[in-house]
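Visitor: I am new to this structure and should like to learn how its features are read. May we begin?

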Amino acid sequence: TVDGVIVTSARAVEACANAGADIDWRGVRFYVVGPATAAQLAQLPNPPQDVRGTESGTAERLARYIVQDATREEKLLYLTGDKNSDTLSRVVREGLGEGCLRELGVYATRGVRDFESTLAGALQGETDDDGEPWWIVFFAPSAAAHVAPALVTHFSFLGRDDCSPCQTGSSLRAARVAAIGPTTADYLRDVVGLRVDAVPEAPNADSLLFALSCK
């Protein structure tokens, strides 16, 4: 038995739903990274009544909340995917001890095989008549790793050392980069090598729209 379950994505909630409609989640304490994940939990049959951490916004802030909320004697189950970073598990174990947390992989992320051709088709006929750069928003490091090779063949990212987005006659579309949260932003900067122009204060549509409008 466990004292609490940690979910940081919609895919993890889907795993709970697929576990069976007869499971009674009402007595299970859940920790979630944001209100969108909490809303999905509420759609489960017999949904949990004790959902905490909804205003955290990032895995690191949720982990620090858990360290303050749980005790070292409790056992926590973290439902993860194959691309999750170790931030949450590392912070929780540092704060509550090695034996407090069990990780269970419940989903795997796979990229769309024909993404490059799909992207090329979607961009056919699109023009940059207004002179404004495109916005490209990344929602996860795994997505960035998969799509970046295709994107750089169509877009010139502002701030990237090997691009000249203002070059006359360039066939590439100028683009700015937004990341849904700091983990994705760090990956884009440190691994992919892109400048990140916007990161919303919270990982939701309203905060993202506000961050883009301020640029």
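Guide: The discussion below turns first to the sheet and then to the aromatic rings.

Guide: This is a predicted model, in which local features need pLDDT of at least 70 and side-chain atom pairs count only at pLDDT 80 or more, while totals for chains, interfaces and linings use all residues. Residues are numbered from 1 along each chain as its sequence is written, and side-chain values use heavy atoms, with hydrogens and water left out.

Visitor: In what order do the five strands form the sheet?

Guide: Strands (E, at least two residues) and helices (H or I, at least four) are DSSP runs numbered from the N terminus, and two strands pair if DSSP finds at least two bridges between them. Here the order is β3-β2-β1-β4-β5, in an open sheet with parallel pairing. β3 (50-52) and β5 (101-107) each have a single partner strand, so one side of each lacks a neighbour in the sheet.

Visitor: Which residues of β4 stand opposite those of β1?

Guide: Four bridges join β1 (residues 4-7) to β4 (residues 76-81). Val7 stands opposite Leu79, and Gly4 has Leu76 as its bridge partner. Towards β2, β1 has three bridges, and Ile6 stands opposite Tyr31 there. From β1 the chain passes through α1 to β2 in a right-handed β-α-β crossover; that is, with the strands pointing away from the viewer, the path from the first strand over the helix to the second runs clockwise.

Visitor: Are the faces of β1 covered or open?

Guide: A residue is buried under 20% relative accessible area, exposed over 50%, and partly exposed in between (1.4 Å probe, protein chains only). Both faces of β1 are covered, with Gly4 and Ile6 buried on one side and Val5 and Val7 buried on the other.

Visitor: How many aromatic pairs are there?

Guide: Rings of Phe, Tyr and Trp (its six-membered ring) pair if their centres lie within 6.5 Å; planes under 30 degrees apart count as stacked, over 60 as edge-to-face and the rest as tilted. The count by this rule is four. In one pair, Trp134 and Phe155 have ring centres 5.5 Å apart and planes at 70 degrees, so the pair is edge-to-face. Trp134 lies in β6 (residues 134-138) and Phe155 in β7 (residues 155-157), 21 residues apart. Phe155 also forms a tilted pair with Phe157, at 6.4 Å centre to centre and 45 degrees between the planes.

Visitor: Which residues form one aromatic cluster?

Guide: The cluster consists of Trp134, Phe155 and Phe157. Trp134 is partly exposed, at 23% relative accessible area, whereas Phe155 is buried at 3%. Phe157 is buried as well.
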